[in-house]
Amino acid sequence: MDRAVFYSNAWFSSLPRHAADALLEASVPVSVAAGGLLFRQGDPVGAGSHAFFGVAGGVLKLSIFNADGDEAILALVEPGNWFGGVSTLDQQPRGHCAIALEDAEVLAVSVERFDALMRDAAFAGAMARLVATRLRLAYGSLAGAALQGTRARVARRIATLAHGDVSQSAEGRTTISTSQDALAMMLGISRQTLSKELQALVKLGAIRLRYGHIEIDDMALLLSATETRAD
């Protein structure tokens, strides 16, 4: 397993060297086959369980399911990112599932090892910043759902994915490989509604639709579409 991918992640690279080394040393490799679950919604987090995770390869989706089995995708976690901090900190049951979209390699840190890492002030401060960043992203999504129109929400989500859904790197990509079905589940809208809004963004000149991916032609136009207010 190549651990070098973590050093390109903004949060991990901000750790002091001793804290970064300690985190890697505290982790063990876990393989998750495509479609497999790393953990389930409602799983307990307790002594002996894997609790905090870093993605070394592959992509996982964080999803919630209602009683009827309907799925909403909260985020995609790409290589270099760490997640699972909230449930690890409060040791409450998982609020979502983590599912591999493709064969994935993950580094897992147990509750005991995580607690030991948290005794280091530098690591504890970094965890506070990580959780705060994730909360800010979550609140932004909630505000967008409440105040923006559907087209603006679609444009905002595409722009977010361009920078890495949870990593939000400074350098954005121009190709989004997320499927349209997955994008609809992220937004909580129908596939038909998504198709209509994507076509509107195509006519605007912001994006192009290609088989299996979306290409961003003009990020400025895409961002301008995020300013549309809810009806």
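Seven salt bridges are counted in this predicted model, and three of these pairings are set out in the table below, each with its separation from nitrogen to oxygen.

| Pair | N to O distance |
|---|---|
| Glu78 and Arg173 | 2.9 Å |
| Arg191 and Asp181 | 3.1 Å |
| Asp217 and Arg208 | 2.9 Å |

Side chains of opposite charge can pair when their charged atoms come close.

The salt bridge between Glu78 and Arg173 links distant parts of the chain, for Glu78 sits in the loop between β5 (71-77) and β6 (82-83), while Arg173 sits in the loop between α6 (150-162) and β9 (175-176), 95 residues apart. Is Glu78 buried or exposed? Glu78 has a relative accessible area of 18%, and because buried means under 20%, Glu78 counts as buried. Its partner Arg173, at 34% relative accessibility, is partly exposed.

The side chains of Arg191 and Asp181 also meet in a salt bridge, and here the two partners lie in helices, with Arg191 in α8 (residues 191-204) and Asp181 in α7 (residues 180-187), 10 residues apart. Arg191 is partly exposed at 34% relative accessibility, and Asp181 is likewise partly exposed, with a relative accessible area of 46%.

In the pair formed by Asp217 and Arg208, Asp217 is partly exposed at 41% relative accessibility, and Arg208 is partly exposed with a relative accessible area of 35%. Which residues are joined into one network by salt bridges that share partners? The network consists of Arg208, Glu215 and Asp217.

Technical notes: Residues numbered from 1 in each chain as written. Predicted model: local features only at pLDDT ≥ 70, side-chain atom pairs only at ≥ 80, totals over all residues. Heavy atoms only, no water. Salt bridge = Lys/Arg side-chain N within 4 Å of Asp/Glu carboxyl O. Helix = DSSP H or I, 4+ residues; strand = E, 2+ residues; numbered from the N terminus. Buried < 20%, exposed > 50% of the residue type's maximum accessible area, 1.4 Å probe, protein only.
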